[in-house]
Amino acid sequence: RSLSTALTIADLKARARRRVPKMFFDYADSGAWTEGTYRANEADFAAIKLRQRVLVDMTGRSLQSEMIGERVAMPVAIAPTGMTGMQHADGEMLGARAAEAFGVPFTLSTMSICSIEDVASVTKRPFWFQLYVMRDRDFVRNLIGRAKAAGCSALVLTLDLQILGQRHKDLRNGLSAPPKWTPKHAWQVATRPLWAMEMLGTKRRSFGNIVGHAKNVSDLSSLSSWTAEQFDPKLSWDDVAWIKREWGGKLILKGILDSEDARAAADTGADAIIVSNHGGRQLDGARSSISMLPRIVDAVGDRIEVHLDGGIRSGQDVLKALALGAKGTYIGRPFLYGLGAGGQDGVTRALEIIRTELDVTMALCGRRDVRDIDRSILDEG
Ligand code: FNR
């Protein structure tokens with residue numbers, strides 16, 4: 001079916017559910033524990049109300065902006081997501097190409113299926129690389145060096161996954177380390193023939209940044225034990241300073257949800273922070289990212305660029321985040337749903353949907369330039 005009949009991100013999600021094997025669809029569509037924070041991320045956007053304005057000139061509108069000094073077609077980047085190549089064969093390469101053509105940043109996860117080099121080979125626009133700090137610091141250096149060699153224009157350092165949140169859906173689906181392959185999985189794949197055919201057509205089915213690069217990781221079972229022990233529970237602000245020196249370029253700190261942490265992040269001299277709770281996948285019981293944004297902007301907004309992710313499902317949500325002080329936003333699941341629904345075209349469709357909603361909402365709020373959005377578009381009761 002044509003993607004043009006998908007009018008909302010929810011439409012793309014419904015299509016992805018029909019196309020992607022359940023264990024991988026659930027991996028995208030799940031949060032930690034009760035999933036309360038995951039739900040709050042979305043619900044708290046709906047509670048924010050806009051002021052309807054009339055008879056203002058709405059011609060010549062612009063959605064162009066900048067994030068960390070880079071021009072963006074709209075202030076919406078693709079968030080780093082792990083195992084994206086399991087939503088669709090070669091998923092990261094397809095996503096990066098869609099983002100490049102659209103003119104928005106693409107962030108590649110450390111835990112991607114396609115490697116840094118794979119993505120660099122199919123794009124010209126520099127992409128951003130997301131780093132998890134592993135205990136093996138030689139491997140961290142290896143990743144940083146490869147991101148530099150690939151011309152990545154920013155490093156996104158994720159701070160909120162020193163240990164993994166409790167994701168019960170993944171455990172119930174057997175998406176664990178080491179992975180279990182059962183008749184249930186075979187059935188899930190057999191009932192998604194299009195996905196399976198495309199997957200047979202690619203060799204990229206393992207973690208491309210890690211296998212063959214990290215010490216003693218050569219296959220799936222050695223990879224599982226490696227990942228289980230490599231996330232560093234001792235990460236500190238000194239490590240952030242070390243990574244900043246080692247990288248030497250634009251640095252974005254991801255996973256800030258507290259004003260005190262935001263101040264410490266600003267002290268590091270990084271270029272931006274992302275207000276984020278990892279899409280509700282880590283600390284269940286934390287507040288939604290949009291509800292924390294105003295406090296964090298108050299605390300550090302004059303010292304560092306503030307970005308936000310978590311719960312954005314429409315261009316209207318993007319506008320609300322900008323109104324509350326974010327300079328840029330990221331989409332995780334909307335990107336994955338688009339990819340699962342239709343590969344590169346599906347990602348393009350997700351971006352188009354968000355762009356149209358952003359444009360129409362901005363106009364009906366009586367504004368013409370996305371860079372001028374501020375709190376005065378909100379009805380704060
Ligand atoms: C993520 N996220 C994530 N973040 C990160 O820094 N590195 C990663 O490898 C991943 N992996 C990942 C996988 C999946 C399936 C999801 C859904 C998310 C978090 C991601 O970057 C972002 O913070 C959230 O996805 C934002 O919330 P929404 O847009 O999904 O609601």
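## Report on a predicted single-chain model

Leaving aside neighbours within four places in sequence, Gly-165 is in contact with Ala-32, Arg-281, Gln-282, Leu-283 and Asp-284. The model under discussion is predicted. Gly-165 belongs to the loop that runs between strand 6 (154-158) and helix 7 (168-172). Its C-alpha atom lies 6.1 Å from that of Arg-281, although 116 residues separate Gly-165 and Arg-281 in sequence. Gly-165 has 17 C-beta neighbours inside 10 Å and therefore counts as partly exposed, since a residue is buried only from 20 such neighbours upward and exposed at 12 or fewer.

**The chain as a whole**

The secondary structure comprises 15 helices and ten strands. For 381 residues, a compact globule would have a radius of gyration near 21 Å, and the value of 20 Å for the chain agrees with this. The overall quantities are collected below.

| Property of the chain | Value |
|---|---|
| Radius of gyration | 20 Å |
| Box filled by the C-alpha atoms, along the principal axes | roughly 65 × 50 × 40 Å |
| Residues counted as buried | 49% of 381 residues |
| Contacts joining residues at least 24 apart, among those at least 6 apart in sequence | 73% |

**Helix 14**

Helix 14 (residues 315-323) is largely enclosed by the rest of the structure, because nine of its nine residues are buried. The buried residues include the charged Asp-317 and Lys-320, alongside Gly-315, Gln-316, Val-318, Leu-319, Ala-321, Leu-322 and Ala-323. Their packing partners are both helical and extended: helix 3 (36-46), helix 13 (289-300) and helix 15 (333-364) on the one hand, and strand 3 (76-78), strand 9 (305-309) and strand 10 (328-331) on the other. After helix 14 comes Gly-325, with a positive phi near 110°.

**Helix 4 against helix 15**

Helix 15, one of the partners of helix 14, also packs with helix 4 (residues 91-102). The angle between helix 4 and helix 15 is about 20°, and their axes are 8 Å apart. Angles under 35 degrees count as roughly parallel, and helix 4 and helix 15 are therefore roughly parallel to each other. Their crossing is left-handed. On the side of helix 4, the contact involves Gly-91, Leu-94, Gly-95, Arg-97, Ala-98, Ala-101 and Phe-102. These meet Phe-335, Leu-339, Gly-343, Gln-344, Val-347, Thr-348 and Leu-351 of helix 15. By class, the residues of this contact are eight nonpolar, five polar and one charged.

Technical notes
Residues numbered from 1 in each chain as written. Predicted model: local features only at pLDDT ≥ 70, side-chain atom pairs only at ≥ 80, totals over all residues. Helix = DSSP H or I, 4+ residues; strand = E, 2+ residues; numbered from the N terminus. Rg over C-alpha atoms; globule rule 2.2 N^0.38 Å. Contact = placed C-beta atoms within 7 Å. Axes fitted to C-alpha atoms, helices over the stretch in contact; angles between N-to-C directions. Parallel < 35°, antiparallel > 145°, perpendicular 65-115°, else oblique. Left-handed = near helix turned anticlockwise from the far one by under 90°.
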